[in-house]
Amino acid sequence: MIETAIGSRNDVTVVLLGQDQADNLARAQHYHRQAGVPCTGLAVQPEAGDLSQRLAHLLDQLTTPFVMLAADADFVLASALDNAAACLGEQAQAVAAQGYALGYAPGNGLVAYHRVGSAFAPLAQDNARARLAQYAEAGQQAWRAVVRVANLKAALATLPEGLDASAWRIGLSFALLAQGAFVQLPQVDVVLEHGVASDSPVARDERLTQLVRTLRQWDGEQLAVCDDEAGFAVLNAFVRNTSDAEAPLIFSSRWSSVIDDPEREFEPRQDVRLPYYNGELFAQLTALEFLCHAWPTSRQHVHALEGVWVRQRELLQEHPNDTTESLQHRYWQALALGLFSADVGRRLLSTLSDDARVREMNDWLGRLEQVPGSDLAQRLQGTVSGQLIEAIAAATPDEVGRRRVLAHLAKHPATQIAFVVLDLENDDASLQATFDSLLASGLRNFKLLVLKAGKPPAITTARDTLHFIQVSESNWVTHLNQALRQLPSDWLLLLEAGDVLLSGGLLRLCAEISEAPGCLAIAANEVHRDADGRLLDVVRPGADLDLLRSQPGLMSRHWLVRREAVVELGGYSETHRNALELDLLLRLVEAHGLASLAHMDDLLVIGRQASPALPLAAQTVLGRHLTQLGYRSQVSDQGTSGLVVDFRHDGTPLVSILLAYEGDVAQLQACLTSVLQRTRYPRYEVLLACASDQFDIESDAAKALAGRVRLLAGEAGASREALLNLAASQARGEYLVLLSARCNVITPAWIEGLLNEAQRPEVGVVGARLFATDGTLAHAGYQLLAGPQVLQPWEGLPAEQVARQRWLSSVRSCAAVSGDCLMVRKSVFEHCAGLQAQPGADIDLCLGVRDAGLMVVWTPRSQLLVHSRPGAEHANTGAAVAARWPAAFSDQMPFDGRAFSADRLAWLGQLA
C-alpha cells in the first residue's frame, strides 16, 4: 500500500500532482496532515509521458472509494471533501461531485485572490455533450472534481497518448464528463495557485488549436460525443475555456501586524453567485495565508520575497558603533519589511522591555515556529541574491587575510583614494551604510567627501578625512569640480549614499593599484540592487569600450579615475550630469586612447540600478563622442538592447567569403544556398577551397557552382586551416569572411553587421552570433579563464532568454570569436600569417590580432545558424592555445554568472 500523509476518517484521497518541487509537496502534505486529509504525491513532467499509467498504478493501491486530483501548490478544503463524499454516498449514479475553486497569488505579506471561472448554469439535459457545454460556459475544470476511483481509472484507460501535462488535464476532464453525471456543490473545494500564462497569446492559440484536433480525432475513435458540427463548436469552446487562463482579481489580503488578522480589500467588481463570501471560508483563508507566508515555496513567491530577505539580512548585521537603540530601530525596520521571519522576530524580542510587546512577539514566534519551512534565511541561500551573497563572502578575506593586506599596505603605501559620496536625498541612514562598509575594510589612508543636500551634521574642512559640502540638485557638479582641485588624493571613486563597498574588492584594488601606473580609469565588477531589493551581478567583460558605449547603465558607473586626469579634462561636465561618468570616460578615451582603461576582475560595489534618465543623456553624450572621433554615425536607443551605433562608414568594400569543403556535400549546398539567396550586401565573392582527394572541381556538382563560386583545389589531405589560407591568398576582397559549411545565413544584413565593426580602424576581427538548430545560443564569443579553460559564455541559452540578456544584445570585445563565422581585414590576416594547423586555430588568430594592437569584437547584428556547436571537436583546445599564449588565460569570473572553481582569494598569495 502507498503510505499517505495520514489515514483519516475521510473517504477521499487527494493526489498531489507536482513537477519535482519538493517544497511544494512537503508543505501540501503538512497542510493536509493537519487537516486530517489523506494525500499522496505524483510527479508530473511537462511532457506528461506515462502519467496515465502511473496514476492508474497509484489508484490500484488506494483504499478510499473517492479521489481528488490537485496541484501540489493547491490547498484542498477538508470540509468540502466531507460534503462531496457524503453527496457521492447518497447519489450512487453520480460519477463525481465538484464545487468551485479560488485562485491565490502570494507576495510579500499580501495574497491576491482571483475568481476562477463562473457559476454553473443548470443542465438542459444530462448527457455528455451537455455536460461539456456546461463546463465550457462556466470555465471550470472537471479534472479537479471528487470522483469515484473506478470512474477515474476508466477515463485514464481511454486517454490518447502523447499529450503534454496541460493537454492531459483537459483531455481527462473530457473523459470524466463523458462517464456520467457530475453533481455541482455550492462550496469552494480548493484554493489553487494562480499563475501567469507562460506562453504568448499566439503560442497558446496554436497549442489549443492542435489540442482540439487531437481530441476530436480521439473522440471520433472512442466516444463520438462531438462528432458533428455542433459538437465541434462545443469541443472548441471546452478546450479554450477550461485551459489555464487569466482570472480576474476580486480581493486582496494584507498582513501588517503580528496581533491582528489580515486586512481585506475588495475590487469593485464581484460575482456573488460564487460561494466565496462567507465567514467560514475567510477564516480558512487566514490560516492558509499564514502558512503560505511562513513557508513560501513557489518560484513566483520566492522571487517576490527575495529582495525583502536581502534587505532584512542587511538590517540584522551588527556594526562596531551600534547601540541597543540603533539595533532595535533596525530590527523594527526589518520586521516592517516582512513579518514572517522568525530570525527577525527573535532579534527584536531580545531588545524589547515592554511586557505587552514581549508577550505579543512571543505569541507570534510561537505560531511561526510551528511551521516547518519558516527558516527564511536558509531559503535566501537558494535564490540568485543568496548565491551572490555567498560569492561575495568567498571573495572576502578573513581576519587573517585582511590583516595581511593592511600590513602589506603599511609597508608599501598605496596612493590615496577619495570616495566622493553624493547624498541628494539627505538620507542619513543610507549614508551611514556607505560609511560602515568603508570602515569594515580596515583601510585608513583615504578621504571621504560627502556632497549632501541638507545641513551637514558637522562643520568640516577640506583637510579633514571626512568633509561635508552642502549642495543642491542644481549646483552639486560645480561644487564637485571645485573640491577636486583641492583634494590631495590620487584617485577618485564616485558613489551614491547607500552604495556598499565590498571589502574583498576594495582591499584588492588598494593592493594592486600601484601595478597600473599607466591607467587613468579602472572598472571592477559590481552588484546592482533592483527596485525590490534583489541583487544582480554585473560581471563586466573587461574595460570594454563598445559595452561602455552601448550599455552605460551597466558599464559607466563606479570607475576609479585619476584625479589629475579629471582636472586636466576640465572636470566633470555640468551639461551631462545624468551621464556624468560616461562623458568623462569617453573624453579620457578621446584624449589618451583605450590603453588608459583597465579592469579588475572582482566585485567592488553594491549599488542601485542606473537612473532611468541615463539612457537619454547617454545618447547625447555618445553622439558628441563619435562626432569627435570623425564618424557621421547614428545612435538609437533599443531599450534593453542598449544604444546601437550605426557608424555609417564610407564606401562599399569587396568582401570575400571563404569556405573549405568539409566532406558533406548536402551541408555545403545548404550553406551556399543560404549565402547566395539571403545575402543583401551587393559586393561579395565566394571562394570554396577543396582538398583534391575529397572533392573533384571538375565534377558535375562543382560545375553547377560555376559563375557563382570560385573553386580552388588544395593538396590532398589538406586541413580546413590550410584550405582557408589557400582561399585567402586568392581572395580579391579587402575583407575576408571565414565561414564554416556547417553555417546557414538567417539575417540578410549579416555582412553589413560585420562590416559596421570591421571598418573601424581599431578593430581587427569581428565574430557573429551563432544559433544552434534547436534555437539555443551556440556562440557569443570565447572567454579565456584561468586553468586554462576556453569558455563559451551563455552557450545553450534559449532564444527568449538571449533577447533579455543585455551583454548578448550589444557589440562587445572578446578574447576570441569562432572561426565558424568571422570577418577579418585581409591585410591583418596576412600580418598574422593566417590560420595555424592546430586545435583552436581561430582563437590563436584572434590572440595574434590582439597582440598586434587591434580589437576582437563580437556583434549580435550578424546572425547565422550552425549545425554543431563551435569548438566542441577539440577537448584540448585550452591547453593547445595556452602553450603559445599563456598570459591570455587570466579571467577569474565567467561573464554569464556560472559557477567557476577558481580561488577568488588567490591574489592574496601574490602579496610581497
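**Figure 1. Lining of the second largest cavity in the predicted model.** The residues around this cavity are Gln-98, Gly-99, Tyr-100, Ala-101, Val-116, Gln-140, Gln-141, Arg-144, Asp-189, Val-190 and Leu-192. Two elements, strand S5 (96-106) and strand S8 (182-193), each give two or more residues to the lining. Strand S5 gives the most, with four residues. Sorted by class, the lining holds five nonpolar, four polar and two charged residues. The space enclosed is about 60 Å³. The count of cavities of 30 Å³ or more comes to five.

**Figure 2. The protein as a whole, for orientation of the close-up views.** The chain has 32 helices and 33 strands. Along the principal axes, the C-alpha trace spans about 90 × 90 × 45 Å. Of the 912 residues, 54% count as buried. The count of salt bridges comes to 40; some of them are shown in the views that follow.

**Figure 3. A nonpolar surface patch made by Phe-266, Val-272 and Tyr-277.** The area of the patch is about 300 Å². Tyr-277 sits in the loop that runs between strand S10 (263-266) and helix H9 (279-294). The relative accessibility of Tyr-277 is 31%, so this residue counts as partly exposed.

**Figure 4. Salt bridge between Asp-583 and Arg-587 within helix H23.** The side chains of Asp-583 and Arg-587 meet with an N to O distance of 2.9 Å. Both residues belong to helix H23 (residues 580-592) and lie four residues apart, about one turn of the helix. Asp-583 counts as buried because its relative accessibility is 2%. Arg-587 is also buried, at a relative accessible area of 15%.

**Figure 5. Salt bridge between Arg-624 and Glu-590.** The N to O distance between the two side chains is 3.0 Å. This pair links distant parts of the chain, with Arg-624 in helix H24 (residues 614-628) and Glu-590 in helix H23, 34 residues apart. Arg-624 has 28% relative accessibility and therefore counts as partly exposed. Glu-590 is likewise partly exposed, at 24% relative accessibility.

**Figure 6. Salt bridge between Asp-844 and Arg-884.** The closest N and O atoms of the pair are 2.9 Å apart. Asp-844 lies in helix H31 (residues 841-851) and Arg-884 in helix H32 (residues 877-884), so that the pair, 40 residues apart, links distant parts of the chain. Asp-844 counts as buried, with 4% relative accessibility, whereas Arg-884 is partly exposed, with a relative accessible area of 46%.

**Figure 7. A network of salt bridges.** The residues linked in this network are Asp-546, Arg-549, Glu-757, Arg-760 and Glu-762. Acidic members are Asp-546, Glu-757 and Glu-762, and basic members are Arg-549 and Arg-760.

**Figure 8. Ser-437 and Gly-498.** Ser-437 is found in helix H17 (residues 428-440). With a relative accessible area of 8%, Ser-437 is buried. Gly-498 is 61 residues away along the chain, and the C-alpha atoms of the two residues are separated by 9.7 Å.

**Figure 9. The cis peptide bond from Gly-787 to Pro-788.** Omega of this bond is near 0°. Pro-788 lies in the loop between strand S29 (783-785) and strand S30 (789-791).

**Figure 10. His-558, a residue other than glycine with positive phi.** Phi of His-558 is near 60°. The residue is found in the loop between helix H21 (552-555) and strand S18 (560-562). His-558 counts as buried because its relative accessibility is 4%, which is under 20%.

**Figure 11. Ala-833, with a positive phi although it is not a glycine.** Phi of Ala-833 is about 65°. Ala-833 is placed in the loop between helix H30 (826-831) and H31, the helix that also holds Asp-844 of the salt bridge with Arg-884. The relative accessible area of Ala-833 is 53%, which is over 50%, so the residue is exposed.

Methods:
Residues numbered from 1 in each chain as written. Predicted model: local features only at pLDDT ≥ 70, side-chain atom pairs only at ≥ 80, totals over all residues. Heavy atoms only, no water. 1 Å grid on protein atoms, 1.4 Å probe; cavity = no way out; pocket = protein on both sides within 12 Å on 5 of 7 lines; lining within 4 Å. Points joined across faces, edges and corners; volume = space filled by probe spheres on them. Nonpolar A, V, L, I, M, F, W, Y, C, P; charged D, E, K, R; others polar. Patch = residues over 30% accessible without salt bridge, like charges linked within 9 Å, V, L, I, M, F, W, Y side chains within 5 Å. Areas by Shrake-Rupley, 256 points an atom, 1.4 Å probe, with all protein chains shown as cover. Salt bridge = Lys/Arg side-chain N within 4 Å of Asp/Glu carboxyl O. Buried < 20%, exposed > 50% of the residue type's maximum accessible area, 1.4 Å probe, protein only.
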